[in-house]
Each structure stands twice: as C-alpha cells, then as structure tokens.
Amino acid sequence: MKIRPLHDRVVVRRQEEEATSAGGIVLPGSAQEKPAQGVVVAAGTGRIADNGEVRPLAVKEGDIVVFGKYSGSNTVQVDGEELLILNESEIYGVLEG
C-alpha cells in the first residue's frame with residue numbers, strides 16, 4: 001500500500017537508532033525519546049496560495065529532514081510501519097552532506 005499526501009503535507013519515516021548509555025547498556029530505539037529527524041517517504045504537490053497558484057514544496061522524497069520534538073501528532077500505519085504526516089511548516093530543515 002502507498003500513501004500520497006495532499007497539498008503541503010509530507011510523509012516522514014522516523015530514523016530510529018540504538019544508543020549506548022554511559023554504563024555501556026544498549027538502549028533500543030523503543031526505549032529512547034523519539035528522534036526529531038527522518039526520511040521523506042512522500043510529498044504533496046505544494047501549498048495552494050490565495051490566488052490559486054501552487055507553490056511547490058522545498059522537500060522531496062529521500063530528503064533527511066529535521067522537525068520539532070512534538071511535531072507529527074498525525075501518524076498512520078502503512079504496511080505495519082508507523083509514518084508521520086507533517087505540514088511543510090513543521091519541518092525545520094533538510095540535512096545535507
């Protein structure tokens with residue numbers, strides 16, 4: 001199953017990583033605070049301006065994006081995977097390099 005976001009919405013897969021505590025204990029992704037970055041899985045066509053023109057999004061599929069800690073209250077399950085649906089304005093930036 002695929003998901004196609006509308007207008008200025010972006011579907012993001014959180015990047016979960018294992019981390020090691022100061023004592024050397026490996027913490028799985030589920031035991032940590034949710035990460036505030038992820039990979040864009042799908043992006044809408046763009047924001048519709050008051051004059052009817054469509055302004056394209058600044059992100060595209062495959063971009064690694066940084067978003068707010070409490071962003072993404074809208075989640076959806078697709079093929080057993082939890083994905084976030086964010087407005088473009090909730091994305092702070094794209095990691096490059």
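Contact here means heavy atoms within 4.5 Å. The model is predicted.

By that criterion, and leaving aside neighbours within four places in sequence, E88 is in contact with D8, R55, L57, A58 and V59. E88 is placed in the loop between β9 (81-87) and β10 (91-95). E88 has a relative accessible area of 12% and is therefore buried, the limit being under 20%. A polar atom of the E88 side chain lies 2.8 Å from the backbone nitrogen of A58.

The strands on either side of this loop belong to an open sheet of 6 strands, in the order β8-β9-β1-β4-β7-β10, with antiparallel pairing. β8 (75-78) and β10 are the edge strands; each has a single partner strand, so one side of each has no neighbour in the sheet. From one strand to the next, the twist averages 45°. In general, the strands of a sheet pair through backbone hydrogen bonds. In this sheet, β1 and β9 run antiparallel and are joined by 4 bridges. R9 stands opposite N87 in β9.

The largest nonpolar core comprises 10 residues: V10, V12, V40, L57, V59, V65, F67, L84, L86 and I91. Two or more of these residues come from each of β1 (9-14), β7 (64-67) and β9. Such a grouping fits a general tendency: in soluble globular proteins, nonpolar side chains tend to be buried together. L57 and V59, both members of the core, are also among the residues that E88 contacts. Another core member is V40. Not counting residues up to four places away in sequence, V40 touches V10, V11, V59, K60, E61, G62, D63 and V65.

Notes: Residues numbered from 1 in each chain as written. Predicted model: local features only at pLDDT ≥ 70, side-chain atom pairs only at ≥ 80, totals over all residues. Heavy atoms only, no water. Buried < 20%, exposed > 50% of the residue type's maximum accessible area, 1.4 Å probe, protein only. Polar contact = N/O pair within 3.5 Å; in protein donor to acceptor, adjacent residues only side chain to side chain. Core = buried A, V, L, I, M, F, W, Y, C linked by side-chain atoms within 4.5 Å. Pairing = 2+ DSSP bridges. Axes fitted to C-alpha atoms, helices over the stretch in contact; angles between N-to-C directions.
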